[in-house]
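Hello,

Here is the structure for your files. My notes on it follow below.

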Amino acid sequence: MSRPARQPSRQRLAVLVFLFVYPLVTAVMMVLTPLTVGWPIPLRTLVLVPLVVASMIWIIIPFIHRRLGHLL
């Protein structure tokens with residue numbers, strides 16, 4: 001009889017996502033800030049957020065599940 005698959009820990013997933021997203025956001029802001037001098041904050045975030053969300057959906061989350069799933 002097989003055991004049911006263990007559900008990943010949401011807390012551990014949150015910590016791992018934070019550890020990947022924080023440097024990503026910081027790096028993107030460092031690149032975007034000189035290019036968007038004088039832009040209002042909402043417009044800057046309109047550029048930043050899609051980059052971060054796309055990175056999370058197609059790069060960070062799959063990487064965490066594939067390579068670091070044993071830590072969850």
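**Surface and overall form**

About 5,900 Å² of the protein chain is exposed, and 72% of that area comes from carbon and sulfur atoms (Shrake-Rupley method, 1.4 Å probe; for residues, only the protein chains shown count as cover). This is a predicted model, in which local features need pLDDT of at least 70 and side-chain atom pairs count only at pLDDT 80 or more, while totals for chains, interfaces and linings use all residues. Residues are numbered from 1 along each chain as its sequence is written, and side-chain values use heavy atoms, with hydrogens and water left out.

The protein chain has two helices and zero strands (DSSP runs numbered from the N terminus: H or I of at least four residues for helices, E of at least two for strands). Its C-alpha atoms fill a box of roughly 65 × 15 × 15 Å along the principal axes. The radius of gyration is 16 Å, against near 11 Å for a compact globule of 72 residues (taken over C-alpha atoms; the globule rule is 2.2 Å times the number of residues to the power 0.38). Of the 72 residues, 19% are buried (under 20% relative accessible area; exposed is over 50%, partly exposed in between).

V15, F18, L19, F20, Y22 and F63 make up a nonpolar surface patch with about 600 Å² of accessible area together (residues with over 30% relative accessible area and no salt bridge, nonpolar side chains joined within 5 Å; a salt bridge is a Lys or Arg side-chain nitrogen within 4 Å of an Asp or Glu carboxyl oxygen). Helix α1 (residues 10–35) contributes the most to this patch, with five residues. F18 lies in helix α1 and counts as exposed because its relative accessibility is 52%.

Regards

Notes
Patches are made of residues with over 30% relative accessible area and no salt bridge: like charges are joined within 9 Å, nonpolar side chains (Val, Leu, Ile, Met, Phe, Trp, Tyr) within 5 Å. Buried means under 20% relative accessible area, exposed over 50%, partly exposed in between (1.4 Å probe, protein chains only).
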